[in-house]
Number of protein chains: 4
Amino acid sequence: MSAAMLIDEVLATAPAHAVVPLVQRYHAVRQHSLGLVTPLSPEDCCAQSMPDASPAKWHLAHTTWFFETFVLERWEPDFAPFHPGFRMLFNSYYDSVGERHPRPARGLLTRPSLAEVLIYRQQVDARMGTLLQQLHANPEVQALVTLGLQHEQQHQELMLTDLKHLLFANPLRPAYVARPAPVDAAEVAGASRAARPLRFQQFAGGLVEIGHARQALDDEATAFAFDNESPRHKVYLAPYAIADRLVSNGEYRAFVEDGGYDDPLLWLSEGWAWRQAAQHRHPLYWEPGAPGAWLAFTLGGLQPLRDAEPVAHLSYFEADAFARWAGARLPTEAEWEHAAGAAWAEARPGLRGPDQLHPQHAAEAQAQWFGELWQWTQSSYAAYPGFRPAPGAVGEYNGKFMVNQYVLRGSSCATPAGHARPSYRNFFPATACWQFSGLRLAKDLSELPPGG
Amino acid sequence: MSAAMLIDEVLATAPAHAVVPLVQRYHAVRQHSLGLVTPLSPEDCCAQSMPDASPAKWHLAHTTWFFETFVLERWEPDFAPFHPGFRMLFNSYYDSVGERHPRPARGLLTRPSLAEVLIYRQQVDARMGTLLQQLHANPEVQALVTLGLQHEQQHQELMLTDLKHLLFANPLRPAYVARPAPVDAAEVAGASRAARPLRFQQFAGGLVEIGHARQALDDEATAFAFDNESPRHKVYLAPYAIADRLVSNGEYRAFVEDGGYDDPLLWLSEGWAWRQAAQHRHPLYWEPGAPGAWLAFTLGGLQPLRDAEPVAHLSYFEADAFARWAGARLPTEAEWEHAAGAAWAEARPGLRGPDQLHPQHAAEAQAQWFGELWQWTQSSYAAYPGFRPAPGAVGEYNGKFMVNQYVLRGSSCATPAGHARPSYRNFFPATACWQFSGLRLAKDLSELPPGG
Amino acid sequence: MSAAMLIDEVLATAPAHAVVPLVQRYHAVRQHSLGLVTPLSPEDCCAQSMPDASPAKWHLAHTTWFFETFVLERWEPDFAPFHPGFRMLFNSYYDSVGERHPRPARGLLTRPSLAEVLIYRQQVDARMGTLLQQLHANPEVQALVTLGLQHEQQHQELMLTDLKHLLFANPLRPAYVARPAPVDAAEVAGASRAARPLRFQQFAGGLVEIGHARQALDDEATAFAFDNESPRHKVYLAPYAIADRLVSNGEYRAFVEDGGYDDPLLWLSEGWAWRQAAQHRHPLYWEPGAPGAWLAFTLGGLQPLRDAEPVAHLSYFEADAFARWAGARLPTEAEWEHAAGAAWAEARPGLRGPDQLHPQHAAEAQAQWFGELWQWTQSSYAAYPGFRPAPGAVGEYNGKFMVNQYVLRGSSCATPAGHARPSYRNFFPATACWQFSGLRLAKDLSELPPGG
Amino acid sequence: MSAAMLIDEVLATAPAHAVVPLVQRYHAVRQHSLGLVTPLSPEDCCAQSMPDASPAKWHLAHTTWFFETFVLERWEPDFAPFHPGFRMLFNSYYDSVGERHPRPARGLLTRPSLAEVLIYRQQVDARMGTLLQQLHANPEVQALVTLGLQHEQQHQELMLTDLKHLLFANPLRPAYVARPAPVDAAEVAGASRAARPLRFQQFAGGLVEIGHARQALDDEATAFAFDNESPRHKVYLAPYAIADRLVSNGEYRAFVEDGGYDDPLLWLSEGWAWRQAAQHRHPLYWEPGAPGAWLAFTLGGLQPLRDAEPVAHLSYFEADAFARWAGARLPTEAEWEHAAGAAWAEARPGLRGPDQLHPQHAAEAQAQWFGELWQWTQSSYAAYPGFRPAPGAVGEYNGKFMVNQYVLRGSSCATPAGHARPSYRNFFPATACWQFSGLRLAKDLSELPPGG
């Protein structure tokens, strides 16, 4: 077991909030970020493949900037910034903190070099260590450091998705981490094995509660929540059914081969325009292989597409079109949370090695709620009734994105250990497909066949 | 009373569905469209000021195409199209019907001329008259003709909003209809009169029903509903308060003059990008006048901005930013419908003359639910639980737009008589500001001052 | 012979400058513009199909604005503008005169209506008539009115090319003027008749003079010249050969069918990018007809492509690629002028009816220097040595466009009578293909076969 | 003297073609490229600041690809490519060689890493060394290797200009090489020292010859020429005058401070559009400093603008506007070559250290024809009479760019030693300003004051 996996084990298995001291947790999360760039060159860490993605180096610096700006600057006596220019370079979107470097130009920041950014991290970590020794009991410090670590975990997933997008832009299709074994004939043959049968699980609905329950302090993952998961509130659900696993590559391939990308009636109007404009004919990262076969780009390089694995990197438009083709629909986020919450005890994601940054097929007992792919819901990202953003700059965190984005639930193979919970609300525009995003079907009960 | 107003009176005051025969209703609605272009030249009817808008001539032809394609073609013996090319030219977005002329190029269709389109209308109306004499009792014909008339009424409002946008693109700022009296000093002085005080009305919420109730057949306006208003379903509402009138120009002017357009913290992130990109500094159609004074472009030309009138032509982003500045929020569509439904008996809009295509200030007893301005809600436009689009081409009507649009409720000064009801769901992208769109504030009850 | 043709005959056959009084010439040119819009509806005159084109109504008003601004405003006692807003609306590019209406928005000017613009023309013409009676001997007035008339003649050609582009944007492919006879089988068969053989005429070159010779006052066409045709100056020409007719549709069709649009080595780098970006596969206005046959859109509607006619509506890139494919090159403007000047006496274009707005095939004795199609040269549009623009606003006429444009020589079937001369320099960007532009091949003498 | 300077001395002072054996010259030029990246990190070498610029790593690989593709592949027995993917990745624009990686995505090629590219260079250099030992007398090999080395020298200059643009995109304004001394008060004061007086030198013109004279084999620099410098041919020049030094920063500052960027009459129409669209108010790399003072970004970082130095990084539009403001014009390329050729013996550029990548002020005797800044001419880049591109892929070198580009003459402070000659034709679009481009004024003789 590598050092990185040991750190992850600390993060994943800590039974309760109180047991892992904050300072130990701080260093574990911070160390995990460094582990992610270990296989990368300075060039890999600097380039930016599109405005929506950021360089790994920028992620490393920005998450450090968060602690420097929101913690050290406030509580450190005689605070002086590591570098006066970094305040502007590594601010992401906090307009209240000051000017920002334009997002599409992040890949042009060859200076500071990766080496300098690593020194920046070391210095801030050392100062944070000193500060936390003294102020670990200060509730404001606790809250901001915890927020900063959750924030860094979000960026850890983004580092992987942004990197995957960057490597795919290279015609050489390089791998982030080499797969253990080369592609051989047996593997190609195995790729066509189908997923286990998909079943719909029924829920009676009614007046239910969703959102983060503040009292649930019994474990690390659910103790914390972002502001957008609150307040917990009542929702009325009509009876519904929801699938017991994700849609598989094989099922999605049938949609592709049935002409799903050529029938406008299957698509939302804006989705059809998106499909036309960019000439999408299949999911991002799929490539035609030998006649009748498909390849898929993974963090382990180009691989045969495996039918049993869940289909990944869908846009909302593709997920919605597939669901319509399949005679089903996307779940609402309330339906999803209600169903997944019931399964949380068994469903919480386990530990995953660095060579497993790819979703796995569903074994018989696995419902794939967490740890494989984020799951698009039909719910627009909006404030819960009574939502109030945190005061001050950190309040710019979530609320300002509550328009034209759609909620994804669950977590993915790239989500760090300890960063998943039933109330978690991820969100992206309907066009986004470079995330580890898949789909789970839902239906009205009346749409199920009798006895179904 | 003009002929146009007589027609409108027929449409507005018809007490029940059964009383106005369909054929009479058909001709009244069709005639109203013609009335709208009476003050216009052929050039006015041909030009297109932006891809989102359409020429008046196109509206006239497209609404005719609807009856020709969905009614005559199906039921008329020996059907022959008026012109084989019109099927493609005047299809709006029905992909299942065939090819379409590209939307941004509608203004280039100088042929057919306005005169030819008017002949097209005459011929189709004559054939529809014949057909309706024979088939007026056919329920499918009834349903499609009723849908076609509601569809035409939607386009009647669009003709006015699209035309307003076109005339504003002309530096001469021409009027659609001259205002009765010229701007004089008294009027300028009167412009600064404030609206009556705004109060919040409280609602206990709980489990309520929204959506169209099929059984409410007692009047014309509520007998019909689009598919997107169904099914009627239960929603849980937390206690809330909602304003008893629309936000006024004077209140919005205070926001502008307080630097509301310069403070990114008041805006959604995407809203701020929109405001920056186009350098918005005030609502569309406002122009700086004499120092400290504002002018507003209306269908009667450029006028002094009147503080007491409701603020119009806001984008969702502007409505949302104003609400945040005012310490309030936008209502959800369920909150809106629950509150407006209770007031429907008194609130239903009355008759309005062609020179009154402008929202009026709220008198003491008026809540402005209908007939002034559409009201942005915070609700993303989505399917109601159990929603199923109509089968066939007309099923492309509403469902395919259910992404990245926001619901507006109520109706406006440009909405035709008889085309408003509490369950009506209008929808536009968050950037749209050329519609007659305003806002009504809402609050959580906990945000109200004690006793408030 | 129609009135329009009578007017044209006055313009074309006037033997000398002195013989046609300026006032008579003024009214003849102005009347010709009106004749061009006779077949058009107000909508046809208002629409704008692309930013590079202008509505016919705008052309009518802008040419009038020229006389109002540069003549009446200066010499008319008690001058008052026809409409104060027109100064801005109908200014084309004279930055020194003041603000301008944005060019791409000219099609949105539904007001003033066509009727109002015609009144504008009438009033200015009446005032010009009065003024010219008094000041016809004033040399400055003479110079500016002559310039204004030449300017109007340029816009007369643009009215036709812009209108052709607009009509082509309409899927109904309407005609500006109906062709006398319908397309029949004989015509389709005749379309494949080839042009007469093409021969190269040799010139020894040496030190020659080009540019406008001020002393050549013996006829109307060559008495006037734009500033960019001067000064007359010496140029050294290497020996060269130039074709004795334009390239024909049949020859260009062979290039298309030989894969000319698919071979990047035939194209300039920027030309290839242009061809790729817009997916050009053949000249603008060509359309595939029956298998193996082509149609071409003309001002008389869609017609079978006739092989013997000269190929029209080429961009510089297409002309250049064809020449490379043909083992030839484009002439320089000096080569062209030297060769055409020698032929001017016989080559000057004759009178053409309004139903002949289309280039004709070359008869045995015809070299097609003038009156068929403008001919791309390889010469970038630049100042002649010693060039000095006219002082004042009219000096903005030509010099400011001397970058990134290429010179075309000759004249076209749409050029008004009396507006062609050997020294005339037309110019357009290399991408322009909506003009009546064709090509004439040239070669170095060393490239000719022995005895060739 | 550093190793890099020794290499440069070899290149610059070699008296004749025959004296420096090709293999020695090969290694010297190749080594110089490596010297240029010595101060850079792998990130610096990978990033791309705009589509027109390329990463340093790409330049290093592309110049190597040239030798591998055009020399090794043809003459090496048992040739095998270093990496099969490099053929596509590092092809610049040779369409006849095959597919190319899209130019704007060159900065995304984090793999191969800089280290791998350096190994690629080493291997190709070793193989070229072996090949040249055997085939150094083969004239085709000689010609292609010489072309490859000239090509690499062009890319050496581009490496510096592209890098300067990249570093300027970084708000930290980092330096490529530190300046020896920090900015102090004396330097700021010295910045306002004016250039020596500018004088115009007169030429009688007449029939002259320009272009490369093949027989001039007496030195290294003039022995070689690109195809676009031939054939040598006659041109007729009217009498003209040309400035005896470049325009200085101080002179250009006067233009800026006189409102030169606000007066449309000074600009070409397309230039004014360029200036408006990007809000240019001064040359690229200038920044306002203290009130009344300017800073300029250099490869040594941000520095006070020195009035005596020549103004650099102008677009054609800026050069043209300045000339108009100054009552002068740009020279034609023939005028420039005729004047510079006369001065070539004294004017040929000397040796320059790596810390001198910045143009110097003109001493009394210096005319700045070479070695300071490329000089815009008014000549569009076009084929000389009788020009014929080389056959095969290397013939794609120059001819395909002969449209919409303007010729610059001379050479710059970033041009490698031995890469300047009077007949050299550099070319860029009129908007390009990231090159070391300045201007030299010219006049018609009639514009000079009497005795001037």
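Here are some questions and answers on chain A and on two chain-chain interfaces of this predicted model.

User: How many helices and strands are there in chain A?
Analyst: Let's start with the fold of this one chain. Chain A has 452 residues, and 61% of them count as buried. Its secondary structure comes to 13 helices and 12 strands.

User: For contacts in chain A with a separation of 6 or more, what share comes from residues 24 or more positions apart?
Analyst: Take the contacts in chain A with a separation of 6 or more as the pool, where a contact is heavy atoms within 4.5 Å. Within that pool, residues 24 or more positions apart account for 79%.

User: What part of the accessible surface of chain A belongs to carbon and sulfur atoms?
Analyst: The total to split up is about 16700 Å² for chain A. Of that, carbon and sulfur atoms hold 58%.

User: Which three residues of chain A supply the most buried area against chain D?
Analyst: The contact draws on 30 residues from chain A and 30 residues from chain D. Together the two chains bury about 2300 Å², with 63% from carbon and sulfur atoms. On the chain A side, 33% of the buried area comes from just three residues, more than any other three give: A:E43, A:L108 and A:R111.

User: Which residue of chain A forms a salt bridge with D:R111?
Analyst: The rule finds four salt bridges across the interface of chain A and chain D. In the one with D:R111, the closest N and O atoms are 3.0 Å apart, inside the 4 Å cut-off. The partner is A:D44.

User: Which element of chain A gives the most residues to the side that touches chain D?
Analyst: Three elements of chain A give two or more residues each to that side: α3 (42-46), α5 (86-89) and α7 (139-168). The top contributor gives four residues, and it's α3(A).

User: How do the residues on the side of chain A that touches chain D divide by class?
Analyst: Sort them into nonpolar, polar and charged, with Gly going in the polar bin. The split is 17 nonpolar, nine polar and four charged.

User: Over at chain C and chain B, how many residue pairs are in polar contact?
Analyst: Chain C and chain B bury about 2300 Å² between them. The rule finds four salt bridges across this interface, including C:R111 with B:D44 at 3.0 Å between the closest N and O atoms. For polar contacts, with both residues at pLDDT 80 or more, the count of residue pairs is 12.

How values were computed: Residues are numbered from 1 along each chain as its sequence is written. Chains are lettered from A and ligands numbered from 1 in the order in which they are written. This is a predicted model: local features need pLDDT of at least 70, side-chain atom pairs count only at pLDDT 80 or more; totals for chains, interfaces and linings use all residues. Side-chain values use heavy atoms; hydrogens and water are left out. Buried means under 20% relative accessible area, exposed over 50%, partly exposed in between (1.4 Å probe, protein chains only). Accessible areas come from the Shrake-Rupley method with a 1.4 Å probe; for residues, only the protein chains shown count as cover. Buried area is the accessible area (1.4 Å probe) that two parts lose on being put together, summed over both. A salt bridge is a side-chain nitrogen of Lys or Arg within 4 Å of a carboxyl oxygen of Asp or Glu. A polar contact is a pair of N or O atoms within 3.5 Å; within protein, one must be able to donate a hydrogen and the other to accept it, and residues adjacent in sequence count only if both atoms are side-chain atoms.
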